[in-house]
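Here's a quick briefing to read alongside the structure. Have it open and turn it as you go through the points.

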Amino acid sequence: MEGKARNHLLLLFSFFFTAAASLQYQTFVLNSLPTPSTLSWPESVSESESSLPLPAPDAESSLSLRLHHVDSLSFNRTPDHLFNLRIQRDVLRVKSLTAFAESAVRAPPRNRSRGRANGGFSSSVISGLAQGSGEYFTRLGVGTPPRYVYMVLDTGSDVVWIQCAPCKKCYSQTDPVFDPAKSRSFATVPCRSPLCRKLDSSGCNRRNTCLYQVSYGDGSITVGDFSTETLTFRGTRVARVALGCGHDNEGLFVAAAGLLGLGRGRLSFPTQTGRRFNRKFSYCLVDRSTSAKPSSMVFGDSAVSRTARFTPLLANPKLDTFYYVELVGISVGGAHVRGITASLFKLDPAGNGGVIIDSGTSVTRLTRPAYIALRDAFRAGASSLKRAPDFSLFDTCFDLSGKTEVKVPTVVLHFRGADVSLPATNYLIPVDSSGTFCFAFAGTMSGLSIIGNIQQQGFRVVYDLAASRIGFAPRGCA
């Protein structure tokens, strides 16, 4: 009997050893928390450009932008403090996106609030959260001649808006507040125009011009004149962009002058400029802890990478802002994770559930059952690493102090038609200056799953709206 028991234990040990040995691993070179870069912009996007002759608007069919992380607008903050602030923003961002999606499902079809003649609004439309409205910004010129300001870019919202003088109430921003009276290209929008009717929440003033309002999940609002204006991006002029000129902007906004909505809706910048840029744009977000290169964004045919693998875009009948894709599974160590099936991420006909790609969310959120299965598979594959206590929203952390590199199981996201193999830095991230690294996924009790920007780092993410698809090109930031 003792011999049989010994043989049984040997077989069991051999099984587990073989299973562990058969997993696929990759080398993870440890990095530290990023320190905020010093803001620097090419001469072509500086104030001196205002005095140069301007090219004809609508001439170029492509557009390239430099992007910077919002941490660059924070001064005298330690890397640890900045990371904690980033996680706080992220929690608020996810809460807001989830609330936005849920409110859209509950709303009657094509429900828009119309304002009364005195300029009041009968209700408001909830959009992405102000303080969590985006993690990346660029510098662009507004008006003619162009006045240069920082604008946050956000794939989770549609309306383009900027703070405007005169201010009824404005928050503090890095640049002077834009004054439309000093722009030759500024024009208000008539109340009864088709453009005004595209707003989800609009009103009229006594001059019979269109008013807009966007309300955010934390109570922040921006209200003002809906207008058209010329935007200048590194010398490229884009005329007649519909934007909100906000005279009353209250709440927890970042130091940027406004927001460039990159969503899928009727008034987003990609939709408005679809004819000129062929409804295509892409971005590549660098890992700031390993690269000094700036992140970038491209509009037009040149945005589409030849090496990208594409997955179809899905349509939510209740919400046109978000970019929905079909996630069918996840692999850890080369093996499909049991318990993670396409049904956990299904977008149903009523608009519930689904998976979205979002540039403003940092940490990927998965529905709770999918996250638990993924986490447990990763823990099993990384059992040789020393565990550390939970940190904030992360429940799978490791003490890697004193090490320069370790072996970790591979992680692959399987979208319909596109397998995205993540670099180790896209799922194991430093959370302090003491050598603690955490698995950069989290669970959510909501049905909405979100692919965040940590998992997108280093890929050129292609939004080919003309072909209704999203692509991922590895090593796309070169």
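**Quick tour of the chain**

With a relative accessible area of just 9%, D248 is buried, because anything under 20% gets that label. Its salt-bridge partner, K168, is exposed instead, at 70% relative accessible area. Keep in mind that you're looking at a predicted model. Let's start with the whole chain, then zoom in on a few spots.

**The big picture**

- The chain has 7 helices and 33 strands.
- Out of its 478 residues, 56% are buried.
- Take the contacts in the chain with a separation of 6 or more: 73% of them come from residues 24 or more positions apart.
- The chain's accessible surface adds up to about 20400 Å², and carbon and sulfur atoms supply 55% of that.

**Salt bridges**

- Here's the general idea: side chains with opposite charges can pair when their charged atoms come close.
- How many salt bridges turn up in a search of the whole structure? The search finds 17.
- One of them joins the side chains of D90 and R365, with N to O at 2.7 Å. D90 sits in helix 2 (residues 79-106) and R365 in strand 22 (residues 364-367), so this pair ties together parts that are 275 residues apart in sequence. Are these two buried or exposed? Both D90 and R365 are buried.
- Another salt bridge brings together the side chains of D175 and R139, at 3.0 Å from N to O. D175 is in the loop between strand 7 (161-163) and strand 8 (187-188), while R139 belongs to strand 5 (residues 136-142), so to speak a link between distant parts of the chain, 36 residues apart. D175 is buried, with a relative accessible area of 14%, and R139 also counts as buried, at 10%.
- Back to K168 and D248: the closest N and O atoms in their salt bridge are 3.9 Å apart. K168 is found in the loop between strand 7 and strand 8, and D248 in strand 12 (residues 236-250), so the pair connects parts that are 80 residues apart in sequence.
- There's a network too: R375, D376, R379 and D395 are joined by salt bridges that share partners.

**A four-stranded sheet and its helix**

- Look for an open sheet of 4 strands, in the order 23-24-29-28, with antiparallel pairing.
- Which strands are at the edges? Strand 23 (387-388) and strand 28 (428-430) are, and each of them pairs on one side only.
- Strand 24 (residues 397-399) pairs with strand 29 (residues 436-439) in the antiparallel sense, over 3 bridges. Within this part of the sheet, D399 has T436 in strand 29 as its bridge partner.
- Helix 6 (residues 368-381) lies across strand 23, strand 24, strand 28 and strand 29, and it runs at about 135 degrees to strand 29.

**A stop at P474**

- You'll find P474 in the segment after strand 33 (469-473).
- Why does P474 count as partly exposed? Its relative accessibility is 34%, and partly exposed covers values between the 20% limit for buried and the 50% limit for exposed.
- Leaving out residues up to four places away in sequence, P474 touches T307, G458 and F459.
- P474 and Q456 are 18 residues apart along the chain, and their C-alpha atoms are separated by 9.4 Å.

Conventions: Residues are numbered from 1 along each chain as its sequence is written. Side-chain values use heavy atoms; hydrogens and water are left out. Two strands pair if DSSP finds at least two bridges between them. Helices (H or I, at least four residues) and strands (E, at least two) are DSSP runs, numbered from the N terminus. Contact means heavy atoms within 4.5 Å. Axes are lines fitted to C-alpha atoms, for helices over the stretch in contact, and angles run from 0 to 180 degrees between N-to-C directions. Buried means under 20% relative accessible area, exposed over 50%, partly exposed in between (1.4 Å probe, protein chains only). Accessible areas come from the Shrake-Rupley method with a 1.4 Å probe; for residues, only the protein chains shown count as cover. A salt bridge is a side-chain nitrogen of Lys or Arg within 4 Å of a carboxyl oxygen of Asp or Glu.
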